[in-house]
Amino acid sequence: MKIATWNVNGIRARQAQLQEWIARERPDVVCLQEIKATSEQVPEALCEMEGYWCYWHGGKGYSGVALHVSKSIAPERPAFSHPAFDYETRIAAVDLTRAGEEVTVASVYVPNGGKDFPAKMKFLAAMEEYAASFQMDGRRLVLCGDMNVARTERDVHPKERKPRAIGQLPEERALLEQIVGRGLVDVGRALDPDNDGLFTWWAPWRNLRQRNIGWRLDYVFASTALASTATACPVQKDVGTSDHAPVLATFS
C-alpha cells in the first residue's frame, strides 16, 4: 500500500502537476493540504478523479485538505469524515480495511501559528487526544500532512535554525512528540535516520530548494504495527512547484 501526502499550496495552480504525479505514482491513498478551494472550485478533472474516491474539504482561497482513495483498494466508497476539532477545514479522515485490518488515514494541515499561535497549540493538543483514542482502542492510524513543526533541530538546515521561530519552538515540538508518543512512528525518519538533509519545505527565494536549505514539516506518522511494514518513505524533492514536496510512504 502506498500512502502519499503533499501540501500543494493551491490545487488550481498545481492541477496538471498533481494529475501527472498521481498517474505516475498511483498511490493507494493521496492526502493533500492547502488546497485553497471549495469543492465547487476544484477543476472538474480533479473533482472526481478517474480510479479514485475523492473527498474535498476546503474553503475559498485558504487552508483546506483532500483525500483520494484508489478504487483498487476500496471497491465501495469508504467513509470520509472530519473530527470534531476540525478548524478552518484542516483535517479529513477516511476509514479503510486493508488485509483484514481496519486503518484510519487522516490528511492534516496544522495552522502555521504566525497569526494565532494559541489556535495552533489548541489544534495540536486536540490531535494528541485524537491519536490517544486510537492507541487506547488498539486501532490503526496514519496521520499525514503538513504539521508546520520541525520535529527536531536536525529537521531544519543550520542556516534556517532560529530559536524563537514559530515552527521550531520547544512547546510546539513537545506537543508533536506527545502525538508521536501515542503509538505512532515517524516513518520518514525511521527509514532514513542519519539523513541531515531530509527536508520537505523550502522558502521560495534565494534558490533555497535547489540548495536544499529547508525544513522538514511534512510527515507520515503511522501506528507501530503498520509502520513496521514500511519499506520506503522518500521526499520527492524534484516534484512540482509548490513550496512543499510530496512524501510517499510504501507499506508491504
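These are brief notes on the sheets, helices and selected contacts of a predicted model.

1. **First sheet, strand order.** One open sheet has six strands. Their order is β3-β4-β2-β1-β12-β11, and the pairing is mixed. Strands β3 (52–59) and β11 (230–232) sit at the edges. Each has a single partner strand, so one side of each is left without a neighbour in the sheet. Neighbouring strands here are turned by 15° against each other on average, direction ignored.

2. **A parallel pair inside that sheet.** β1 and β2 (residues 29–33) run parallel and are joined by five bridges. For a register check, take Ala4, which stands opposite Val30 in β2.

3. **Helix α1 on the first sheet.** α1 lies across β1, β2, β3, β4 (62–70) and β12 (247–251). Its direction is at about 165° to β1. Angles over 145 degrees count as roughly antiparallel.

4. **An aromatic link between β1 and α1.** The model has seven aromatic pairs. One of them joins Trp6 and Trp21, with ring centres 5.1 Å apart. Their planes stand at 70°, so the pair is edge-to-face; the cut-off for that class is over 60 degrees. Trp6 belongs to strand β1 (residues 2–7) and Trp21 to helix α1 (residues 15–25). The two are 15 residues apart, and the pair links distant parts of the chain.

5. **Gly59 in an edge strand.** Gly59 lies in β3, one of the edge strands of the first sheet. What does Gly59 touch, not counting residues up to four places away in sequence? The list is Lys36, Ala37, Thr38, Gln41 and Thr89. Asp243 is a different matter: Gly59 and Asp243 are 184 residues apart in sequence and 20 Å apart in space, C-alpha to C-alpha.

6. **Second sheet, strand order.** Another open sheet also has six strands, in the order β5-β6-β7-β8-β10-β9. Its pairing is mixed. The edges are β5 and β9 (184–186). Each of these has a single partner strand, which leaves one side of each without a neighbour in the sheet. The twist averages 20° from one strand to the next.

7. **Pairing at the β5 end.** β5 (residues 79–81) and β6 (residues 91–98) pair in the antiparallel sense over three bridges. Ser81 has Ala93 of β6 as its bridge partner. On to β7 (residues 101–109): eight bridges join β6 to this strand, again antiparallel. Here Val94 is bridged to Val105 in β7.

8. **The β6–β7 turn.** β6 and β7 form a hairpin with two residues between them. Ala99 is in the turn and has a positive phi of about 55°. This is a backbone detail to look up in the coordinates.

9. **Two helices on the second sheet.** α3 lies across β6, β7, β8 (140–146) and β9. It runs at about 155° to β8. α4 packs on the sheet too, touching β8, β9 and β10 (218–223). The direction of α4 makes about 35° with that of β10.

10. **How α3 meets α4.** Helix α3 (residues 117–137) and helix α4 (residues 170–180) pack at an angle of about 15°. Their axes are 8 Å apart. The two helices are therefore roughly parallel to each other; the limit for that class is under 35 degrees. The crossing of α3 past α4 is left-handed.

11. **What fills the α3–α4 contact.** From α3 come Phe117, Lys120, Met121, Leu124, Ala125, Met127, Glu128 and Ala131. From α4 come Glu171, Glu172, Leu175, Gln178 and Ile179. How many of the contact residues are nonpolar, polar and charged? The division is eight nonpolar, one polar and four charged.

Note on methods:
Residues numbered from 1 in each chain as written. Predicted model: local features only at pLDDT ≥ 70, side-chain atom pairs only at ≥ 80, totals over all residues. Heavy atoms only, no water. Axes fitted to C-alpha atoms, helices over the stretch in contact; angles between N-to-C directions. Helix = DSSP H or I, 4+ residues; strand = E, 2+ residues; numbered from the N terminus. Parallel < 35°, antiparallel > 145°, perpendicular 65-115°, else oblique. Left-handed = near helix turned anticlockwise from the far one by under 90°. Contact = heavy atoms within 4.5 Å. Nonpolar A, V, L, I, M, F, W, Y, C, P; charged D, E, K, R; others polar. Pairing = 2+ DSSP bridges. Phe/Tyr/Trp six-rings, centres within 6.5 Å; stacked < 30°, edge-to-face > 60°.
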